[in-house]
Protein chains: 4
Amino acid sequence: MHPSLKAPHPENEAILAEAVTGWMFSRDQASQSLGMKIVEAGAGYAKLTMRVRAHMTNGHGICHGGLVFSLADSAFAFACNSRNQKTVAAGCTIDFLAPAQVGDELVAEAVEQSLNGRTGIYDVTVTNQNGKRVALFRGRSQRVQGEVMTEEP
Amino acid sequence: MHPSLKAPHPENEAILAEAVTGWMFSRDQASQSLGMKIVEAGAGYAKLTMRVRAHMTNGHGICHGGLVFSLADSAFAFACNSRNQKTVAAGCTIDFLAPAQVGDELVAEAVEQSLNGRTGIYDVTVTNQNGKRVALFRGRSQRVQGEVMTEEP
Amino acid sequence: MHPSLKAPHPENEAILAEAVTGWMFSRDQASQSLGMKIVEAGAGYAKLTMRVRAHMTNGHGICHGGLVFSLADSAFAFACNSRNQKTVAAGCTIDFLAPAQVGDELVAEAVEQSLNGRTGIYDVTVTNQNGKRVALFRGRSQRVQGEVMTEEP
Amino acid sequence: MHPSLKAPHPENEAILAEAVTGWMFSRDQASQSLGMKIVEAGAGYAKLTMRVRAHMTNGHGICHGGLVFSLADSAFAFACNSRNQKTVAAGCTIDFLAPAQVGDELVAEAVEQSLNGRTGIYDVTVTNQNGKRVALFRGRSQRVQGEVMTEEP
């Protein structure tokens, strides 16, 4: 086998990650309708932003925890699918550290902690525009059959 | 002390829970904009529904995990605030058992497992219209100062 | 195919579960050295006890959380291996509700919540001799290759 | 107020952390009986080791997950009590990445991620002697009344 085929070149990995993340995001109606934006994508990595708007608040007047979770979960999804191997979330934990307020610009950064066979662990940190940490998220991924980017029917 | 003051009467607890849940839901723009509906409210208990719509799907074409989480988190929030003592989520875990599809009518049922002082544990089961379990959620609540229902400014 | 081959008979499942649990426990030096005892075993089910002894206490003078976890984890392991398909823990969460004291007789009961393909979710409740809940545990299992009971070398 | 009283001096914090950790460990019969050793202690930080011995194995012949958890939990306990404010574990999650074998020298390193009022989040990484990660642990702490080091009765 040609050496270049044995392991992906880091530069190629980065290009693939950007392509897969863009492909997924263009079909991800939930992330789009919540106003998320991709800041950066890489192999096992993703960074997203989302602005908290009034329709995202809960009965206490702060950002609904489910939408903070959604931002972290999208970053997790892009990171664990970044090698174009179709992967889903098996389970996640989130710890809420500080409330997010209307107008806050949240940033979620997902980093791959482990990838053993078909399962991976990803840590996502959600911070606000002042660098204050809003939530810590940890996701367990499960690779399933198939690739992410497929020819459209 | 008059006996009726020592412990809340179950019937009064139920009336209070319905009032608090209604109060919170009427201010919860996130839950409303996701189309959630309250089916039942009680002391330490809540049952909600949400229909999965196209704008809730992720890049794999199934319901975004963050929105399944949001439904469970709202049920958790209503259950842990049901005694009109202001309570927030400290941390949550979710395990995804089956994907939710567009058109599915999801039901989240939150049950209080424990309430010790200011912290509680609530289990939420999310099922679809066929009774298939979509996710298991467990939330840890933290009571903060103040009541939920307050006079409006 | 003969109908009896299509699905395991409940009685046979129970006999198999008891055999597998006994086989595993006889090799489980950790559970034995902590003084655990099997109360009941079934398909996707296990119930164990453990008495808290002085050497199990931590720096605060109460039972070390890791040993409460160990009891729950053993119950989880017996429950998820009860069909003789080798299965390991992928991840677990535990919430501590009340301290366990020296002399307490703890009971851990593991119940299968879900089994989809190779992954399962098991809830374990740890209570003391007065029925007070000490901890809630949730484990995610991952089936690996092979059977539990094998011929000895 | 004298400036030196406003915030603890880092050097004093480190001395206090070492004293508290030593005090707790000397009373922590569970950690001692499992053969744990303290490598380093600091404010919000602890590093421990534990050798996996035969009596720590489970029915699959590998280190019982509860004892890997126990090592991580002890590191978490020392880190969250390091300021001499009595603190207990509210809840923990653990993800198992690789089995630990008899003879392995495990290292657990606990790092404070957050401390808001009475609750904190600590991440613990457990690695073996080859630097391979065995488990990722996250603990939520709850401060209670009182100090750790007290005069003996």
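Q: How many residues does the contact take from chain B and from chain A?
A: Chain B brings 33 residues to the contact, and chain A brings 33 residues too. They earn the name because two residues are in contact if their C-beta atoms, placed from the backbone, lie within 7 Å.

Q: What kind of model is this, and how are things numbered and lettered?
A: This is a predicted model, where local features need pLDDT of at least 70, side-chain atom pairs count only at pLDDT 80 or more, and totals for chains, interfaces and linings use all residues. Residues are numbered from 1 along each chain as its sequence is written, while chains are lettered from A and ligands numbered from 1 in the order in which they are written.

Q: What is the mean pLDDT of chain A?
A: The mean for chain A is 93, and 93% of its residues reach 70 or more. Set that against the scale: pLDDT is the predictor's confidence in each residue, from 0 to 100. The model as a whole scores ipTM 0.93 and pTM 0.94.

Q: Back at the contact of chains A and B, which element of chain B gives the most to the side that touches chain A?
A: That's β3(B), with nine residues. Helices α2 (10–27), α3 (29–33) and α4 (65–80) of chain B, like β3 (85–96), each supply at least two residues. The labels come from DSSP runs, numbered from the N terminus: helices are H or I runs of at least four residues, and strands are E runs of at least two.

Q: What makes up the side of chain B that touches chain A, by class?
A: There are 14 nonpolar, 15 polar and four charged residues. Here Ala, Val, Leu, Ile, Met, Phe, Trp, Tyr, Cys and Pro count as nonpolar, Asp, Glu, Lys and Arg as charged, and the others, Gly among them, as polar.

Q: How do you know that β3(A) and β3(B) pair, and in which sense?
A: There are five bridges between β3 (residues 85–96) of chain A and β3(B), and the sense is antiparallel. Two strands pair if DSSP finds at least two bridges between them, so five is enough. In this pairing, I94(A) stands opposite C92(B).

Q: What else does β3(A) pair with?
A: β3(A) also runs antiparallel to β6 (residues 133–147) of chain A, with 10 bridges joining them. There, I94(A) has F137(A) as its bridge partner.

Q: Why is β3(A) called mostly covered?
A: Because nine of its 12 residues are buried, which for a residue means 20 or more other C-beta atoms within 10 Å of its own (exposed is 12 or fewer, partly exposed is in between, with C-beta atoms placed from the backbone).

Q: What makes α4(B) largely enclosed by the rest of the structure?
A: 16 of the 16 residues of α4(B) are buried, so the helix earns that description. End to end, its C-alphas reach 22 Å, close to the 22 Å expected at 1.5 Å a residue. The expected span is 1.5 Å times one less than the number of residues.

Q: Which strands of chain B pair with β5(B)?
A: β4 (residues 105–116) of chain B does, antiparallel over nine bridges, with V111(B) partnered by D123(B). β6 (residues 133–147) of chain B pairs with β5(B) too, again antiparallel over nine bridges, and T119(B) has Q142(B) as its partner. As for cover, β5 (residues 119–127) of chain B has seven of its nine residues buried.

Q: What lies between the strands of these hairpins?
A: Two residues separate β4(B) from β5(B), and G117(B) takes a positive phi near 60 degrees. Five residues separate β5(B) from β6(B), with G131(B) in the turn at a positive phi of about 80 degrees.

Q: How do you know how chains A and B are related?
A: A rotation of 180 degrees with 0.0 Å of shift along its axis superposes chain B on chain A, RMSD 0.0 Å. The two copies are thus related as by a two-fold rotation axis. The fit is by least squares on C-alpha atoms of residues with pLDDT of at least 70 in both copies. T93(B) comes closest to the axis of all the residues of chain B, at 2.1 Å (C-alpha).
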